[in-house]
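Let's take a friendly walk through this protein, one part at a time. Please have your viewer ready.

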Amino acid sequence: MAYQLFGPDRLLGERPAMFIGGERVDSPQTRPVDNPATGEVFTEVPEATAEHVDQAMRAAETAQREWAGRSLPERAEVLAAVMREIDAHAEELAQIVVAEQGKTITEARGEIVGTRLFFDVAHGNKYAPIGEIFPPNQPGEHLMVREEPYGVVAAITPWNYPAAIFARKVAPAIMAGNAVVLKPSEVTPLAALALARLCQQAGVPDGVVNVVTGEGRVVGKQMCEHPVTQMVTLTGSSRAGQEILRQTAAKVIPVSLELGGKAPVIVFEDADLDAAVERAAEARFWNCGQVCTCNERTYVHASRYDEFASRFVEVAKQVKVADPTREDAQMGPKVSAEEWRKVKDFVDGAEAAGATVVYGGDRPAGAEFAKGYWFSPTVITGVGNEMDIVRQEVFGPVLPIVPFEKYDEVIAWANSTDYGLTAYVFTQNIDIAMRAVDDLQFGEVYVNKIGPEQPQGFHTGWKMSGLGGEDGKYGYQRYLRKKTVYLRYRG
Ligand code: NAD
């Protein structure tokens, strides 16, 4: 590993440890962490036991009472200090993300900017109202609906944005007065461990942010079922979302789910093709195709199809796939061997079903790609809307391009999967654009542009893409419950 991730002055210390009640905690069991660019194991992280989960929950429960007793402006001061620490450690955090996740250093620096932004948006609630007063039936009374934190939030995160999704959950949760026990993905546990330490350095009280590491179906399940947990927030697959709903049903607690996506890009006849090709490619290949808002399928009007497809292939050929630590790298490897295999199986399955792989489709040629989880930018044509590659989340740098004739047909195809997170529309005609906004069954629609989403908005999946949502005003409210107070002060 080219980067110096461990050492006495590093956020991770000499080696990774869990972070419980402000203490570094080990476990007799460990799990290897490998570098996706080489496949080499470069460290081990503890595997939490049920006792560790209980310890973290109890530490959070205790710390939360004092934390919730602070005013919003006081909590905001602590979030401001976290932002200063992120600034001071930005490059170190970006390097951790590259090492465990495989995105390019340029993308990882962008992720850390996003990490800070989530704290900034949460900090924006510093002087926000904390409830409402309604007119009571009698004079001399107050009828107040107050906002209060839940208590202890169990937060469970995926591997594709290990730093940013930590912040997306922790920042609003603690700003609202909750304490958090967070479990990062088994594949990318390090950024969360580093960020928990960073929060402590910034003055977040011990126990307000805890990180335990381990298997989702074991450690994550224990977190969901623990008696102290008052809310669960997950970003992950729809499968994990379904399991977590089952795991929390007996406790009847709120669950916020940000799940998978199968975003369509729709290129209408009158679209600006330069912009559509460039943005469709960026939204397919960023983070090696591993973003819930990625362009997973592109529908192009039949009259522009050939031109779009050939230009898209030219852009795909130009993507610089390279060692993610290199400044000029544009795309790194997939995150794991398992993920590589899944993507390869989708491509092979599409070919077997009659599609044509016009570019890529496998590990790129060359000695530097022989190890690790490299996958070429890939373009597939001759695809029908019923094929798995168009219906299921691929989460890799593979684009099926499908021609369409009619507006109604393409809207029906776009709406035809189980997912409803993000959709993209390219047209210069405002009537078509707004009709599509009306008709698309997605929580997020972009017109003539792509993301990333802006955290003052609301990132919310429809259908099997989620339950609830994150960011901005509405995301913040997910971490608050209401208490109605009837107060008589006269007579
Ligand atoms: P995953 O579902 O395999 O794992 C996500 C997290 O859930 C991990 O920490 C895992 O350990 C945990 N987990 C799994 N089963 C669990 C269970 N039964 N109980 C408790 N915890 C459990 O997802 P992944 O492969 O890490 O991430 C990729 C997925 O995340 C994709 O589907 C992607 O679209 C989705 N995602 C969605 C968003 C969004 O905002 N909608 C953002 C990023 C990623």
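## A walk from the ligand outwards

A good place to begin is the ligand: a polar side-chain atom of Lys183 lies 2.8 Å from one of the ligand's oxygen atoms. Keep in mind as you look that this is a predicted model. Trp159 also places a polar side-chain atom 2.8 Å from an oxygen atom of the ligand. Leu259 takes part through its backbone instead, with an N or O atom 2.7 Å from a nitrogen atom of the ligand. If you step back, you can count 32 residues surrounding the ligand. Leu259 belongs to the closest of these, together with Glu186, Ser237, Glu243 and Glu393.

Now zoom out to the whole chain. The protein is divided into two domains, and domain 1 is made of two stretches, 18–259 and 465–484. Domain 2 covers residues 263–455. Measured out over C-alpha atoms, the centres of domain 1 and domain 2 are separated by 31 Å. Where they touch, domain 1 supplies 30 residues and domain 2 supplies 27.

How much area do domain 1 and domain 2 bury between them? The value is about 2200 Å², and 52% of it is on carbon and sulfur atoms. Polar groups take part here as well: 13 residue pairs are in polar contact across the interface, counting pairs with both residues at pLDDT 80 or more. On the side of domain 1 that touches domain 2, the elements giving two or more residues are helix H3 (90–101) and helix H4 (105–123). H4 provides the largest share of that side, 7 residues. Sorted by class, the same side of domain 1 holds 11 nonpolar, 11 polar and 8 charged residues.

Charged pairs also bridge the two domains, with 3 salt bridges counted between domain 1 and domain 2. For a salt bridge to display in your viewer, try Lys371 and Glu40, where the closest N and O atoms are 3.6 Å apart.

Over the whole structure there are 36 salt bridges. One worth a visit joins the side chains of Glu141 and Arg488, at 2.9 Å from N to O. This pair links distant parts of the chain, 347 residues apart: Glu141 sits in strand S6 (residues 141–149), while Arg488 sits in strand S22 (residues 480–488).

Finally, let's look at the backbone. Most residues other than glycine have a negative phi, and most peptide bonds are trans. Val252 departs from the first pattern, with a positive phi near 50°. You will find Val252 in the loop between helix H8 (238–249) and strand S11 (255–258). And which residues does a cis peptide bond join? They are Gly451 and Pro452, with omega at about 10°. Pro452 has its place in the loop between strand S19 (444–447) and strand S20 (462–463).

Technical notes. Residues numbered from 1 in each chain as written. Predicted model: local features only at pLDDT ≥ 70, side-chain atom pairs only at ≥ 80, totals over all residues. Heavy atoms only, no water. Domains from an automatic or database assignment. Contact = heavy atoms within 4.5 Å. Buried area = accessible area lost by both parts, 1.4 Å probe. Salt bridge = Lys/Arg side-chain N within 4 Å of Asp/Glu carboxyl O. Polar contact = N/O pair within 3.5 Å; in protein donor to acceptor, adjacent residues only side chain to side chain. Helix = DSSP H or I, 4+ residues; strand = E, 2+ residues; numbered from the N terminus. Nonpolar A, V, L, I, M, F, W, Y, C, P; charged D, E, K, R; others polar. Near = heavy atom within 4 Å.
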